Amino acid sequence: MSDQDSVHQSFETLAIHAGNTADPLTGAVVPPIYQVSTFKQDGVGGLRGGYEYSRSGNPTRTALEENLAALEGGRRGLAFASGLAAEDCLLRTLLTPGDHVVIPNDAYGGTFRLFAKVVSRWGVEWSVADTTDPASVRAAMTPRTKVVWVETPSNPLLGITDIAAVADVARTAGAKLVVDNTFASPYLQQPLALGADVVVHSMTKYMGGHSDVVGGALVVNSDDIGEELAYHQNAMGAVCGPFDAWLVLRGIKTLAVRMDRHSENATRIAEMLTRHPKVTSILYPGLSDHPGHEIAAKQMRSFGGMVSFRVQGGEEAAVAVCDRAKLFTLGESLGGVESLIEHPGRMTHASVAGSALEVPGDLVRLSVGIESADDLLADLQQALG
């Protein structure tokens, strides 16, 4: 499919066809898994199809990267071994020692660990801001700020950032806006169209969708940044393998229908939780009283499958809810077809304990799957007691 062909096609069509050209040798409608390390060259310097070594490029990964770019409306997509590998490559491409980054006060624990324990060791400084408030972002910036980092919806408190407004703040100061779009997926939200410079994904989550692959992605709207990222991707080497790329491509084909069901189920669960006497707070942008509801409704197609809530009785009560769940599997990660439950304070966000990003001890996070909503509701009711 050419770029021109894809311009006017709907998301559902692009998810199935972008990058997925029929195999020229056999006509196979699914791109093959090129499980190969090196490629025969047509003479010295004569690369057949542009491929020489699978770290530098692989046809299966190329298919995925073209698909990613199309779905996010970007100029270039790049696929990595994990979401954190993608983030690491991005930061080392955009930043040099002495630069400054604004990070959200509600972010994935692994992202915080990357900034606090890794990137800071080579001279990059960071400050925390409430990215749901553009004025807070502006106040946290310095003359050395090169990147503003946003998650929306955020992990695990489901905060909503006005991407267009924060993009204006970043652009005015000469900084790049990076949006982690993992919770929404490109089906529900397209940050590049709202002014972001780079989109980050953990493809492990909704893009793959079946809890059977680990991967990460970057999508950019600049050819120049895309070339710089591709250079660093090859130089650093944390690329997505061909089988993993094939699995993500397969998952993306059903992304739209899965996200619709995730969102429908999550909405029903959030509404039930609002009525439960042992729940003190529900964090879901689909609820009309969520502080970011209006912005989410403006910039998202729907509200996604992630729900967090706080319970009476504090941390031990929250842990007990997680332990009593049966249909909801106790586990980290998110975005698979099966429902998961976890205690962020002791699991995914343990690395932020004692920092400005520390999460409440009474918080429970749900990744709502695509099972029967009635069965999920019954399991949560018995887990809450």
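Helices here are DSSP runs of H or I with at least four residues, strands are DSSP runs of E with at least two, and both are numbered from the N terminus. The model shown in every view is predicted.

**View A. The loop between β4 and α7, with its two cis peptide bonds.** Pro156 belongs to the loop that connects β4 and α7, and the peptide bond leading into Pro156 from Asn155 is cis, with omega near 15°. Pro153 has its place in the loop between β4 and α7 as well, and the bond from Thr152 to Pro153 is likewise cis, here with omega near -10°. Leu158, which also lies in the loop between β4 and α7, has phi near 55°, a positive value in a residue other than glycine. The side of the chain at Leu158 is not open to solvent in this model: Leu158 counts as buried, because its relative accessibility is 1% and the cut-off for buried is under 20%.

**View B. The surroundings of His349.** His349 is located in the loop between β11 (340-342) and β12 (363-367), and with a relative accessibility of 2% this residue counts as buried. Which backbone oxygens does the side chain of His349 reach? One belongs to Asn155, at 3.0 Å, and another to Ala107, at 3.2 Å. Asn155 is also the residue from which the cis peptide bond to Pro156 starts. When residues up to four places away in sequence are set aside, His349 touches Ala107, Tyr108, Gly109, Asn155, Pro156, Pro344, Val359 and Arg365.

**View C. The second largest pocket and its lining.** This pocket holds about 410 Å³ of space and is lined by 26 residues, of which Leu84, Tyr108, Asn155, Ser202 and Lys205 lie nearest its centre. Two of these names return from the preceding view, since Tyr108 and Asn155 are among the residues that His349 touches. Helix α4 (83-94), helix α5 (109-118) and strand β6 (198-202) each contribute at least two residues to the lining. In chemical character, the lining of the second largest pocket divides into 11 polar, eight nonpolar and seven charged residues.

**View D. The salt bridge between Lys298 and Asp162.** Side chains of opposite charge can pair when their charged atoms come close. A search of the whole structure finds 15 salt bridges, and one of them joins Lys298 to Asp162, with the closest N and O atoms 3.3 Å apart. Lys298 lies in helix α12 (residues 293-299), whereas Asp162 lies in the loop between β4 (145-151) and α7 (163-172), so the pair ties together parts that are 136 residues apart in sequence. How do the partners stand in accessibility, buried or exposed? Lys298 counts as exposed, at 59% relative accessibility, while Asp162 counts as buried, at 14%.

**View E. The salt bridge between Arg171 and Asp168 within helix α7.** The closest N and O atoms of Arg171 and Asp168 are 2.9 Å apart, and the two residues form a salt bridge. Because they are three residues apart in helix α7, Arg171 and Asp168 are separated by about one helical turn. Arg171 counts as partly exposed, at 48% relative accessibility, and Asp168 is partly exposed too, with a relative accessible area of 43%.

**View F. The salt bridge between Arg268 and Asp374, and a network elsewhere.** The side chains of Arg268 and Asp374 meet in a salt bridge at 2.8 Å, taken from N to O. The pair links distant parts of the chain, with Arg268 in helix α11 (residues 255-274) and Asp374 in helix α14 (residues 373-384), 106 residues apart. Arg268 counts as partly exposed, at 39% relative accessibility, and Asp374 counts as partly exposed, at 47%. Glu315, Glu316 and Arg346 are joined into one network by salt bridges that share partners.

**View G. Ser185 in helix α8.** Ser185 is found in helix α8 (residues 185-188). Although Ser185 is not a glycine, its phi is positive, at about 75°. Ser185 is buried, with a relative accessible area of 0%.

Definitions and conventions: Residues numbered from 1 in each chain as written. Predicted model: local features only at pLDDT ≥ 70, side-chain atom pairs only at ≥ 80, totals over all residues. Heavy atoms only, no water. 1 Å grid on protein atoms, 1.4 Å probe; cavity = no way out; pocket = protein on both sides within 12 Å on 5 of 7 lines; lining within 4 Å. Points joined across faces, edges and corners; volume = space filled by probe spheres on them. Nonpolar A, V, L, I, M, F, W, Y, C, P; charged D, E, K, R; others polar. Buried < 20%, exposed > 50% of the residue type's maximum accessible area, 1.4 Å probe, protein only. Polar contact = N/O pair within 3.5 Å; in protein donor to acceptor, adjacent residues only side chain to side chain. Contact = heavy atoms within 4.5 Å. Salt bridge = Lys/Arg side-chain N within 4 Å of Asp/Glu carboxyl O.
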